[in-house]
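Biologist: I should like to understand how this chain is put together. Could you take me through the model step by step?

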Amino acid sequence: MDRRASELSGIEKTAVLLITLGPDKAAKVFKFLKDEEIEQITLEIANTRSVSQALKEEVLDEFYEVCLAQQYISEGGISYAKNLLEKALGGEKAQEVIGKLTASLQVRPFEFIKKTDASQLLNFIQDEHPQTIALILSYLSVQQAAAVIGSLPQDKQADVAKRIAQMDRTSPDVIKEVEGVLEKKLANLVNQDFTIAGGVDAVVEILNTVDRGTEKHIMESLEIDEPELADEIRKKMFVFEDILSLDDRSIQRVLREVDNNELAVALKSANEEVQNAIFGNISKRLAQMIKEDMEFMGPVRMKDVEEAQQKIVNIIRKLEDSGEIVISRGGGDEIVV
């Protein structure tokens, strides 16, 4: 008796799908998979002796439905996808496909508000508790989160930023409760695994995207309330490799403040692109001297390299604070002349 697609595991369905697609298309799919996934699927394909035409068509149909649902989710969120799938497949089938998608592809919480305009979202959540706002912003795109946090009242901005930075794992029950307030109809679609969101890296991304005024206010507040956290965030906000985001004039201004010996140490572990950006903004004679210093100084402790790079980063931030250079960011600091 032929097996049905519903009786197959994910690996078995993948094997059937790739067998159906043929070797050329299967090879293109393999390019996007991890080595261990390729090994598992290859083994399953090798152990698959025969596949009925009916099973091939059933697996292909399921694959098409999931791809369709994923496309709809990308266009307008889960609620939008569910409505379109109900029209195309019927209510029961649509619920089944969405359920598979949230389980197999791990659709992140709050997907349904990712297409919402930041100003509308702000009106929707600004009166919520700062912890609730922090949770929601942790799951949004960096640009959307930055737009929202930049428009919050100043007395809430630093508090929300602190809570994002200190957030680690969030219980699915808590996520469900918050989602229930925002979108009750979608509460039952949330992935039940514990999900990781927030953290220092998340707030760094947001602060690197908001306008300079908002960033400065948040950091000044955090330095008073949470000095250690503020120091950790500041160290990550502009790393040495970000010097590539500066224009040539700004790089030249920074290098006037940098000791040549410190620069040689800082460049020891820098990638070729960063080195070229530095050497392209100093004289050929000085560039040759620094290259010779780098060669003759021999091995250097990574700690010393990092300290030298941090000194240069500190100079960059100091020059930005004084308005002598501009670090390009996405929150409204662009200058038009």
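The questions and answers below go from the whole chain to a pair of helices and the cores.

Biologist: How many helices and strands does the secondary structure of the chain come to?

Modeller: Please keep in mind that this is a predicted model. The chain has 337 residues, and buried residues make up 41% of them. Its secondary structure comes to 18 helices and two strands.

Biologist: Among contacts between residues at least 6 apart in sequence, what percentage join residues at least 24 apart?

Modeller: The count leaves out pairs that are not at least 6 apart in sequence. Among the contacts that remain, the share joining residues at least 24 apart is 74%.

Biologist: Are helix 8 and helix 9 oblique or roughly parallel to each other?

Modeller: Two packed helices are described by the angle between their axes and the distance between the axes. Helix 8 covers residues 142-151 and helix 9 covers residues 154-166; their axes lie 8 Å apart at an angle of about 140°. Angles over 145 degrees would count as roughly antiparallel, and those under 35 as roughly parallel. Helix 8 and helix 9 are therefore oblique.

Biologist: Which residues make the contact between helix 8 and helix 9?

Modeller: The residues of this contact divide into three nonpolar, three polar and no charged. Helix 8 contributes Ile149, Gly150 and Ser151, while helix 9 contributes Gln157, Val160 and Ala161.

Biologist: Which helix supplies the largest share of the largest nonpolar core?

Modeller: This core has 37 residues, and those touching the most other members are Leu137, Ile149, Val160, Ile164, Leu207 and Ile233. Several helices each supply at least two residues, including helix 8, helix 9 and helix 12. The largest share, six residues, comes from helix 11.

Biologist: Leaving aside neighbours within four places in sequence, with which residues is Val160 in contact?

Modeller: Val160 is one of the helix 9 residues in the contact with helix 8. It also belongs to the largest nonpolar core. Beyond its neighbours within four places in sequence, Val160 is in contact with Pro130, Ile133, Ala134, Leu137, Ile149 and Leu152.

Biologist: Does His217 count as buried or exposed?

Modeller: His217 is found in helix 12, residues 212-225. Leaving aside neighbours within four places in sequence, its contacts are Gln154 and Gln157. Buried means under 20% relative accessible area. Because its relative accessibility is 19%, His217 counts as buried.

Biologist: How many residues does the second, separate core have?

Modeller: This core includes Val254, Val258, Ala266 and Ile327. It is separate from the core already described, and its number of residues is 31.

Terms used. Residues are numbered from 1 along each chain as its sequence is written. This is a predicted model: local features need pLDDT of at least 70, side-chain atom pairs count only at pLDDT 80 or more; totals for chains, interfaces and linings use all residues. Side-chain values use heavy atoms; hydrogens and water are left out. Axes are lines fitted to C-alpha atoms, for helices over the stretch in contact, and angles run from 0 to 180 degrees between N-to-C directions. Helices (H or I, at least four residues) and strands (E, at least two) are DSSP runs, numbered from the N terminus. Angles under 35 degrees count as roughly parallel, over 145 as roughly antiparallel, 65 to 115 as roughly perpendicular and the rest as oblique. Contact means heavy atoms within 4.5 Å. Ala, Val, Leu, Ile, Met, Phe, Trp, Tyr, Cys and Pro count as nonpolar, Asp, Glu, Lys and Arg as charged, and the others, Gly among them, as polar. Buried means under 20% relative accessible area, exposed over 50%, partly exposed in between (1.4 Å probe, protein chains only). A nonpolar core is a set of buried Ala, Val, Leu, Ile, Met, Phe, Trp, Tyr and Cys residues joined through side-chain atoms within 4.5 Å.
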